[in-house]
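Colleague: I'd like a close look at one part of this model, the aromatic rings and what sits around them. Could you walk me through it slowly?

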Amino acid sequence: LNPKLNTVEIVIQKDFLKDRVSQWKKAGETIGFVPTMGALHEGHLDLVRRAQADCNRIVVSIFVNPLQFNNAGDLAKYPRHLESDQQLLRGLGVDLVYAPSTEDFYTFHPKLNLDFGSVSAGLEGQMRPGHFSGVGIVVARLFHLVNPDRAYFGAKDLQQVAVIRTLVRDLDFPVKIIRCPTVRGSGGLALSSRNARLSPEGIVLAENLFKALQLAAADPSPDPSESIRNSIGFLTNLGGIDIEYMHWVNTETMEIWENPAAPPPEKAVCIAAWVEGVRLIDNLIC
Ligand code: PAF
């Protein structure tokens with residue numbers, strides 16, 4: 001039996017959070033941090049379990065960060081399930097859930113605008129102007145408050161991981177960033193809170209995104225652009241999938257890989273596409 005079961009602390013005040021964390025630090029305990037925007041699914045729970053395997057104390061934040069939404073409608077529509085989220089985290093034996101209101105978290109409107117160069121220029125950064133600046137600001141503020149030894153992020157948001165690694169390196173945050181594998185449904189669809197908006201047929205159709213990524217990764221052509229063309233051809237033939245982008249990238253710089261003679265040290269094929277009016281992203285690291 002997990003002795004910590006049902007003892008999760010729900011914290012709204014920054015000072016309380018900082019006190020609790022500093023007590024743990026003084027006792028020599030390591031702190032694992034999983035930042036989220038709530039609407040938790042198995043992908044988030046997997047991050048928590050990985051953190052529990054490595055660290056003594058686990059902090060999860062639930063905060064829908066207005067700074068990272070470039071569309072007010074999207075922010076208003078974002079699912080909020082605080083009660084059931086807390087229930088799930090209690091079941092896992094998390095130590096502390098930090099769930100501030102917007103006013104508690106931002107007592108003023110931040111003026112900073114973060115630019116991560118090539119890391120945030122393409123893909124999601126290009127489609128969602130200001131998004132990664134907002135992610136960088138909230139994650140930096142959360143790192144100051146939680147002071148974690150390790151922080152866990154899903155590989156599904158691959159560009160977000162690269163942005164946060166840049167933030168940590170450039171500003172010298174004493175935290176190790178752990179990129180965790182994407183959790184998928186049985187048909188291969190990457191878990192996302194947006195999947196709830198797909199019909200059963202939409203889910204089956206969306207499962208082809210992962211197939212297209214696998215096709216690109218297995219393509220015998222040495223030319224990355226050729227493998228992308230083949231995968232796009234496969235998806236286009238199915239009908240019903242509207243591709244926004246599909247690229248090979250260098251996972252560290254997030255620059256598009258096009259030159260067959262100069263493969264990056266680690267590469268991934270990334271896709272963004274619309275199915276039934278729902279925007280989905282996914283990637284496969286090779
Ligand atoms: O990935 C997310 O849910 C968010 O972008 C994060 C990292 C919690 C920052 O708000």
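Is F69 buried or exposed?

Modeller: F69 is buried, because its relative accessibility is 13% and the cut-off for buried is under 20%. Keep in mind that this is a predicted model.

Let's put that ring in context. Searching the whole structure turns up eight aromatic pairs. Take F33 and F143: their ring centres are 6.3 Å apart and the planes meet at 70°, so this pair is edge-to-face. The angle is what decides it, because anything over 60 degrees counts as edge-to-face. This pair also ties together distant parts of the chain, with F33 in strand β2 (residues 31-36) and F143 in helix α8 (residues 131-146), 110 residues apart. Both partners are tucked away: F33 counts as buried because its relative accessibility is 0%, and F143 is buried too, with a relative accessible area of 3%.

Now back to your F69. Its ring pairs with that of Y78, and since the centres are 5.6 Å apart and the planes are at 80°, this pair is edge-to-face.

Some rings join up into a group. F63, Y98, F105 and Y106 form a cluster through ring pairs. F105 has another partner as well: the charged end of R141 sits over its ring, 5.4 Å from the centre. You'll find a similar arrangement at F210, where R184 lies over the face of the ring, 3.7 Å from the ring centre.

Next, the ligand, which has an aromatic residue in its surroundings too. F153 is one of the residues around the ligand, along with P35, T36, M37, Q68, V138 and Q160. Sorted by class, that shell holds four nonpolar residues, three polar ones and no charged ones. Two of the polar side chains come with distances you can check on screen. In Q68, a side-chain N or O atom is 2.6 Å from an oxygen atom of the ligand. For Q160, the matching distance from a side-chain N or O atom to a ligand oxygen is 2.7 Å. How much of the ligand gets covered? On its own the ligand exposes 290 Å², and the protein buries 89% of that.

For contrast with those buried rings, try a loop. D172 is in the loop between α9 (158-171) and β6 (176-180), and D172 is exposed because its relative accessibility is 63%. Its phi is positive, about 60°, although D172 isn't a glycine. Most residues other than glycine have a negative phi.

Technical notes: Residues are numbered from 1 along each chain as its sequence is written. Side-chain values use heavy atoms; hydrogens and water are left out. Rings of Phe, Tyr and Trp (its six-membered ring) pair if their centres lie within 6.5 Å; planes under 30 degrees apart count as stacked, over 60 as edge-to-face and the rest as tilted. Helices (H or I, at least four residues) and strands (E, at least two) are DSSP runs, numbered from the N terminus. Buried means under 20% relative accessible area, exposed over 50%, partly exposed in between (1.4 Å probe, protein chains only). A charge sits over a ring if NZ of Lys or CZ of Arg is within 6 Å of the ring centre and within 35 degrees of the ring normal. A residue is near a molecule or strand if one of its heavy atoms lies within 4 Å of it. A polar contact is a pair of N or O atoms within 3.5 Å; within protein, one must be able to donate a hydrogen and the other to accept it, and residues adjacent in sequence count only if both atoms are side-chain atoms. Accessible areas come from the Shrake-Rupley method with a 1.4 Å probe; for residues, only the protein chains shown count as cover. Ala, Val, Leu, Ile, Met, Phe, Trp, Tyr, Cys and Pro count as nonpolar, Asp, Glu, Lys and Arg as charged, and the others, Gly among them, as polar.
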